[in-house]
Amino acid sequence: MAAMCNNKVMITACEKNKIRADRLKYNIDKQGVKCVNIMLEDARNLSDYFSFDKILLDAPCSGSGTASVYKDDFNLELINRSSKLQEILLKKAINILKSGHEMVYSTCSILKNENENILNKVKNLVDIVPIDNNFLKEIPILKTEIKGTLCVLPNNNYEGFFVAKLRKK
């Protein structure tokens with residue numbers, strides 16, 4: 001994102017895990033990025049006084065689209081816990097997104113419970129901005145129930161993921 005804007009905008013990254021935040025700082029410093037402020041903060045606890053032009057919410061999930069699905073802890077409880085967290089994070093993100101502005105919601109899950117079902121809970125607050133997937137002709141795509149969203153089928157070459165672009169009403 002910093003490269004896309006030539007380091008000329010302010011990016012705020014929220015990470016509640018200190019080890020992950022330190023790793024993120026190391027990576028952005030290594031790449032010469034100067035426009036990122038890392039907050040060691042659970043995004044659910046951000047003040048409602050924050051206001052953002054754009055948001056990328058790469059939500060914690062079950063990992064059903066990745067190889068991690070084969071871990072012993074992949075179960076219905078993980079999916080349910082992830083879904084509840086995703087809903088809270090998405091509602092918070094929409095709350096602090098400026099009206100008329102856009103955000104991206106993504107997970108590395110291919111499950112409806114973590115993707116379409118979560119979006120359906122906020123459909124009165126946002127419009128779906130259709131994603132042009134014409135450039136993905138060689139990538140296997142799963143059918144989604146919400147037109148304009150994208151879900152990539154995991155295979156030997158790709159991990160699965162879901163992505164939706166939303167505009168706050």
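**From one aromatic pair to the central strands**

Phe-50 counts as partly exposed, because its relative accessibility is 31%, a value between the 20% limit for buried and the 50% limit for exposed. This residue belongs to a predicted model, and it is a convenient place to start. The structure holds one aromatic pair. Its members are Phe-50 and Phe-52, with ring centres 5.7 Å apart and planes at 5° to each other, a stacked arrangement. The partner, Phe-52, has a relative accessible area of 16% and is therefore buried. The pair thus joins a partly exposed residue, Phe-50, to a buried one, Phe-52.

Before going further, it helps to know how far the model can be trusted. The mean pLDDT of the protein is 93, and 98% of the residues score at least 70. Where is confidence lowest, and where is it highest? Strand 6, residues 141–142, has the lowest mean, 92, while strand 5, residues 126–129, has the highest, 98.

The overall plan comes next. The protein has three helices and eight strands. Read from the N terminus, their order is β-α-β-β-α-β-α-β-β-β-β. The C-alpha atoms fill a box of roughly 35 × 35 × 35 Å along the principal axes. The radius of gyration is 16 Å, which agrees with a compact globule, because a chain of 169 residues would then be expected near 15 Å. Of these 169 residues, 39% count as buried. Among contacts between residues at least 6 apart in sequence, 71% join residues at least 24 apart.

The strand pairings show how parts of the chain are joined. Strand 3, residues 52–58, runs parallel to strand 4, residues 97–107, and six bridges join them. Within strand 4, Val-104 is the residue opposite Leu-56. Strand 4 is also joined by six bridges to strand 8, residues 161–168, but here the two run antiparallel. Met-103 has Leu-166 of strand 8 as its bridge partner, and Glu-102 stands opposite Arg-167 of strand 8. In a regular strand, side chains alternate between the two faces of the sheet.

Strand 8 has further pairings. Four bridges connect it to strand 5 in the antiparallel sense, with Val-129 opposite Lys-165. Strand 7, residues 150–152, also pairs antiparallel with strand 8, over three bridges. In that pairing, Val-152 is matched with Phe-161 of strand 8.

Now turn to the beginning of the chain. Glu-15 lies in strand 1, which covers residues 11–15. Is Glu-15 buried or exposed? With 18% relative accessibility, Glu-15 counts as buried, because the limit for that class is under 20%. The side chain of Glu-15 reaches the backbone nitrogen of Asn-17 at 3.0 Å. Leaving aside residues up to four places away in sequence, Glu-15 touches Arg-20, Ala-21, Met-39, Leu-40 and Glu-41.

Ile-19 is in helix 1, residues 18–30. At 59% relative accessibility, Ile-19 is classed as exposed, because the limit for that class is over 50%. Ile-19 and Lys-137 give an idea of distance within the model: 118 residues separate them in sequence, and their C-alpha atoms are 37 Å apart in space.

Conventions. Residues are numbered from 1 along each chain as its sequence is written. This is a predicted model: local features need pLDDT of at least 70, side-chain atom pairs count only at pLDDT 80 or more; totals for chains, interfaces and linings use all residues. Side-chain values use heavy atoms; hydrogens and water are left out. Rings of Phe, Tyr and Trp (its six-membered ring) pair if their centres lie within 6.5 Å; planes under 30 degrees apart count as stacked, over 60 as edge-to-face and the rest as tilted. Buried means under 20% relative accessible area, exposed over 50%, partly exposed in between (1.4 Å probe, protein chains only). A polar contact is a pair of N or O atoms within 3.5 Å; within protein, one must be able to donate a hydrogen and the other to accept it, and residues adjacent in sequence count only if both atoms are side-chain atoms. Contact means heavy atoms within 4.5 Å. Two strands pair if DSSP finds at least two bridges between them. pLDDT is the predictor's confidence in each residue, from 0 to 100. The radius of gyration is taken over C-alpha atoms; the globule rule is 2.2 Å times the number of residues to the power 0.38.
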